[in-house]
Amino acid sequence: MEDYRNPRPAEENSNIPMITLLVLVALVIALLYVGWQSMSDDTTKTEVVLSTPPKSDAMKGQEDADLVTAPTTEMPEEGAEKEDKKASTTVDEAEKQDKKAQEEKVAEKKKEETKKVEEVAKTEKKTTEAPLKGTTFVHTVQAGETFYGIANRYHISKAALQTLNPDVKPEGIKVGITKLNVKVKAIHTVGPGDILRVVAQKYGVSKQSIMDANKKTKDITERGEKLIIPLP
């Protein structure tokens, strides 16, 4: 007899659960491996830390000293530069002060010289303006004489002699030709007993000034001699 029973349905492929299981096992193994690696790294780090010897107090002190002194390594150089700048500034100030002092001395010296020139000019002006008293005497220029020397001989200033001789140039006088008007106190004729000392006392001048005015080298006079008595 034929079997008319319905056929048994075919079973689903049983490979799918097996693949899923394998995947799960692989994941578990991977997780275990990752955990093992992490634990191994932590163990290694711990061993390194434990194997590192602790720093001694001396080393810590040295490190602290290095930390303290490290920022100041450039300070000496900066301080030296500041000292150099300060020293340079001091030198410059000293030079300026010396230069200023020298300039002040030069200025003061020029001021004194100017003052002296002005005083001389005033003196000559007064001498020129004030008319000389006495007797006019004509002097003929002799060898070796100068305009200034003649003025000194008769005890008058160069300006006064120039005033008495306005047409004469001091540098143009000629020996035996140029005649100069000079002022003297008097012309004295030597009489009995008139020695130079007595004549000087009489006119209130020095004996040496009479000798200079008359070009005498010896204290000797002759009766009838005319002596030039210079201004005092």
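Which exposed residues does the face of H6 turned away from its buried side carry? Keep that in mind; the tour reaches H6 after a look at the whole chain and its cores. The model you have open is predicted.

**Whole chain**

Start with the protein chain in cartoon view. Its secondary structure comes to seven helices and four strands. Trace the chain along its sequence and the pattern reads α-α-α-β-α-α-β-β-α-α-β. Now colour by burial. Of the 232 residues, 18% are buried. Switch to a surface. The chain exposes about 18700 Å², and carbon and sulfur atoms supply 58% of that area. Contacts come next. Among those with a separation of 6 or more, 63% join residues 24 or more positions apart.

**The largest core**

Select Phe147, Ile150, Tyr154, Leu161, Leu180 and Val182. These have the most contacts inside the largest nonpolar core, which has 15 residues. Helix H4 (147-153) and strand S2 each supply at least two residues of this core. Centre the view on Leu180. Leaving out residues up to four places away in sequence, Leu180 touches nine residues by name: Phe137, Val138, His139, Val141, Phe147, Ile150, Leu161, Asn165 and Val168. A second, separate core has eleven residues, including Ala186, Val190, Leu196 and Met211.

**Asn165**

Pick Asn165 from the Leu180 list. Asn165 is found in the loop between helix H5 (158-164) and strand S2 (179-184). Is Asn165 buried or exposed? Its relative accessibility is 4%, so Asn165 counts as buried. Show its side chain and follow two links. One reaches the backbone oxygen of Leu161 at 2.9 Å. The other reaches the backbone nitrogen of Asn181 at 2.8 Å. Set aside neighbours within four places in sequence, and Asn165 is in contact with Lys179, Leu180 and Asn181.

**Arg153**

Move to Arg153, in helix H4. This arginine is buried, with a relative accessible area of 13%. What does its side chain meet in a polar contact? Display Glu145: the two side chains make a polar contact at 3.0 Å. Then widen the selection. Arg153 touches His139, Glu145, Asp212, Ala213, Asn214 and Lys215, not counting residues up to four places away in sequence.

**Helix H6**

Select residues 196-203, helix H6. Its buried residues are Leu196, Val199, Ala200 and Tyr203. Turn the view to look down the axis of H6. The buried residues fall within an arc of 100 degrees, so they line one face of the helix. Here is the reply to the opening question: the face turned away from the buried side carries the exposed residues Gln201 and Lys202. Go back to the buried residues and show what they pack against: strand S3 (186-189), helix H7 (207-213) and strand S4 (226-229). Step past the end of the helix. Gly204 follows H6, and its phi is positive, near 70 degrees.

**Strands S3 and S4**

Finish with S3 and S4. The two strands run antiparallel, and four bridges join them. Select Ala186 in S3 and look across to S4, where its bridge partner is Ile229. Now show side chains along S3. In a regular strand the side chains alternate between the two faces of the sheet. Which S3 residues point to one face and are buried? They are Ala186 and His188. Ile187 and Thr189 point to the other face and are not buried. Ala186 is also one of the residues in the second core.

Technical notes
Residues numbered from 1 in each chain as written. Predicted model: local features only at pLDDT ≥ 70, side-chain atom pairs only at ≥ 80, totals over all residues. Heavy atoms only, no water. Buried < 20%, exposed > 50% of the residue type's maximum accessible area, 1.4 Å probe, protein only. Polar contact = N/O pair within 3.5 Å; in protein donor to acceptor, adjacent residues only side chain to side chain. Contact = heavy atoms within 4.5 Å. Core = buried A, V, L, I, M, F, W, Y, C linked by side-chain atoms within 4.5 Å. Areas by Shrake-Rupley, 256 points an atom, 1.4 Å probe, with all protein chains shown as cover. Arc of directions from axis to C-beta. Pairing = 2+ DSSP bridges.
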